[in-house]
Amino acid sequence: MTLVSNVYLTHGLMLLCACAATYAALPESTGRIVPEWRPAVTPLLAAMAALSLIAYPTWGELKNPGLWMFAILAAVAGAARGYWLRLYVDHSWRLIRLQKAYDCLGAAAALIGLSLIEIALAAIGPADQPTMELGLTVIASFLVGRSAAVLLRSRQEPQSDLHDSPAPPAAEG
């Protein structure tokens, strides 16, 4: 009973979201052509992983200004990274390809590592031990800022043909 007394379902949700975020980051990090909504999946899953740890057992940790200060700095750093990423956009097919975007996969893998450390510490440590909230929040905020910058930038990027078929017919209206 003492080994798993501090491990909760939210730890499982946190690890599941971190693994899903890493899986979602694979096509983007290898430079594959993906739908334009795909770069937003990884940060959403990362944010869910961080929030599942912060929110349990109460939402009181959301009022921690130090946590949000680091989160804002990480989001700004992520936005800067997203601004300088090389990307190609096919506006007619709504496709996007990011070049040299290994940071997303690395950050998502770090989410898994921090989640596993959190679960191990919860399993063997006392109930009032510090958690990995800061690390998960900083990584998730970096990914959110990076994705926001990529999605905003993709609207202004020039057309690149990423699909082999002819362009779809224009919508009449």
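# A tour of the salt bridges, helices and surface patch

Counting pairs in which a side-chain nitrogen of Lys or Arg lies within 4 Å of a carboxyl oxygen of Asp or Glu, the total comes to 6 salt bridges. Please keep in mind throughout that the model on your screen is predicted. Side chains of opposite charge can pair when their charged atoms come close, and the tour begins with such pairs.

**First stop: the charged network.** Select Glu28 and Arg146 and show their side chains; they form a salt bridge in which the closest N and O atoms are 2.7 Å apart. Glu28 belongs to helix α1 (residues 9-29) and Arg146 to helix α5, so this pair ties together parts of the chain that are 118 residues apart in sequence. Are these two residues buried or exposed? Glu28 has a relative accessibility of 1% and therefore counts as buried, and Arg146, at 2%, counts as buried too, because the cut-off for that word is under 20% relative accessible area.

Keep Arg146 selected and add Asp103, whose side chain meets that of Arg146 in a salt bridge at 3.1 Å, N to O. Asp103 lies in helix α4 while Arg146 lies in helix α5, so this contact ties together parts that are 43 residues apart in sequence. Both Asp103 and Arg146 are buried. Now add Arg81 to the selection, and you will have the whole group on display: Glu28, Arg81, Asp103 and Arg146 are linked in a network of salt bridges.

**Second stop: another pair on the chain.** Move to Arg153 and Glu157, whose side chains meet in a salt bridge with an N to O distance of 3.3 Å. Arg153 has a relative accessible area of 15% and is therefore buried.

**Third stop: two packed helices.** Switch to a cartoon view and select helix α4 (residues 102-124) together with helix α5 (residues 133-154). Two packed helices are described by the angle between their axes and the distance between the axes. Here the axes of α4 and α5 come within 10 Å and cross at roughly 160°. Since angles over 145 degrees count as roughly antiparallel, α4 and α5 are therefore roughly antiparallel to each other. If you turn the view to look across the pair, the crossing in which α4 passes α5 is left-handed.

**Fourth stop: the nonpolar patch.** Show the surface and select Met69, Phe70, Leu73 and Leu134, which make a nonpolar surface patch of about 380 Å². Which helix gives the most to this patch? Helix α3 (residues 65-84) does, with 3 residues. Met69 is found in helix α3, and with a relative accessibility of 46% it counts as partly exposed. Phe70 also has its place in helix α3, and its relative accessible area of 39% makes it partly exposed. While Met69 is still selected, add Val138 and draw a distance between the C-alpha atoms: the two residues are 69 apart in sequence and 9.6 Å apart in space.

**Last stop: the whole chain.** Clear the selection and colour the cartoon by secondary structure, which comes to 5 helices and 3 strands. Following the chain along its sequence, you will pass these elements in the pattern α-β-α-α-β-β-α-α. Of the 173 residues in the chain, 40% count as buried; among the buried residues are Asp103 and Arg146, from the first stop.

Technical notes. Residues are numbered from 1 along each chain as its sequence is written. This is a predicted model: local features need pLDDT of at least 70, side-chain atom pairs count only at pLDDT 80 or more; totals for chains, interfaces and linings use all residues. Side-chain values use heavy atoms; hydrogens and water are left out. Patches are made of residues with over 30% relative accessible area and no salt bridge: like charges are joined within 9 Å, nonpolar side chains (Val, Leu, Ile, Met, Phe, Trp, Tyr) within 5 Å. Accessible areas come from the Shrake-Rupley method with a 1.4 Å probe; for residues, only the protein chains shown count as cover. Helices (H or I, at least four residues) and strands (E, at least two) are DSSP runs, numbered from the N terminus. Buried means under 20% relative accessible area, exposed over 50%, partly exposed in between (1.4 Å probe, protein chains only). Axes are lines fitted to C-alpha atoms, for helices over the stretch in contact, and angles run from 0 to 180 degrees between N-to-C directions. Angles under 35 degrees count as roughly parallel, over 145 as roughly antiparallel, 65 to 115 as roughly perpendicular and the rest as oblique. A crossing is left-handed if the near helix is turned anticlockwise from the far one by less than a right angle, and right-handed if clockwise.
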